[in-house]
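Here are some questions of the kind a first-year student might ask about how residues are described, each with a reasoned reply.

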Amino acid sequence: MNQQGSITKEQLNNFEKYVRRQDLARFMARYELFKMIRQTKGSIIECGVHQGGGLMGWAKISSNLEPYAIHRKIIGFDTFEGFVEINKEDESAFENISLVKGGFSCEYDVFSELEGLIKEYDNNRFLNQFSKVELVKGDAVNTIPDYINKNQHLIVALLFLDFDLYEPTKTALEHFSSRIPKGGILAFDEINNQFWPGETVALLERYNDLNQLEIKKFDFDPNIAYIQF
């Protein structure tokens, strides 16, 4: 960044110089997941947007690899105000300072920032008369079933679960997993993670026999795991 703390155009054009290897690896994992569902009909659902890097990453990958995929929506669910509540299934014996009500809230208005970034993104893509990215703000326990009721046509090519917590993850699995066709992907960010047990509990409740599922990971990223149907 320059002396005023803003990012210059030159730095953005040479982002590889500045991005941490861990963050680049995470982008690479998203790219690999996207390639797996490229020929699969359906939208991409990101559950847990946080600051929006993943959401915009999916959108920009889609615009580059499949500019004619006008029905592939990128839909992000988040409170944009941090965790609503912590359930008993989320409690961990390991110290986790973020596992509190309001955890992962931001000091700035991420929702408004993303609305502006989506407009910039739309100005720089082919067939931009068709909307691509959608933000759904609020408690996912309520917004997900409401969204389904209003969008009965929805098919999910990729469901990326990054809520961290049990209750919203359970809700997402209940409403979205049956809409994933063969070839589609269900991806997780915190399963088998001692600091965030709720996500695994929700997975085990939805699929009580993991012997029937092949859960894969990437060699270069420690967190993201996925099931391809």
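Helices (H or I, at least four residues) and strands (E, at least two) are DSSP runs, numbered from the N terminus. This is a predicted model, in which local features need pLDDT of at least 70 and side-chain atom pairs count only at pLDDT 80 or more, while totals for chains, interfaces and linings use all residues. Residues are numbered from 1 along each chain as its sequence is written, and side-chain values use heavy atoms, with hydrogens and water left out.

Q: Where is leucine 127 found, and why does leucine 127 count as partly exposed?
A: Leucine 127 is found in the loop between α4 (110-123) and β3 (133-137). Buried means under 20% relative accessible area, exposed over 50% and partly exposed in between, with a 1.4 Å probe and protein chains only; leucine 127 has 21% relative accessibility, and therefore counts as partly exposed.

Q: Why does asparagine 192 count as exposed?
A: Asparagine 192, placed in the loop between β5 (185-188) and α7 (197-206), has a relative accessibility of 75%, which is over 50% and therefore counts as exposed.

Q: What makes arginine 26 buried?
A: Arginine 26, in helix α2 (residues 21-36), has a relative accessible area of 17%, which is under 20%, so this residue is buried.

Q: How do you know that glutamate 190 has no salt bridge?
A: A salt bridge is a side-chain nitrogen of Lys or Arg within 4 Å of a carboxyl oxygen of Asp or Glu. For glutamate 190, the nearest side chain of opposite charge (Lys and Arg count as positive, Asp and Glu as negative, and His and the chain ends are not counted) is arginine 26, 5.9 Å away, so there is no salt bridge.
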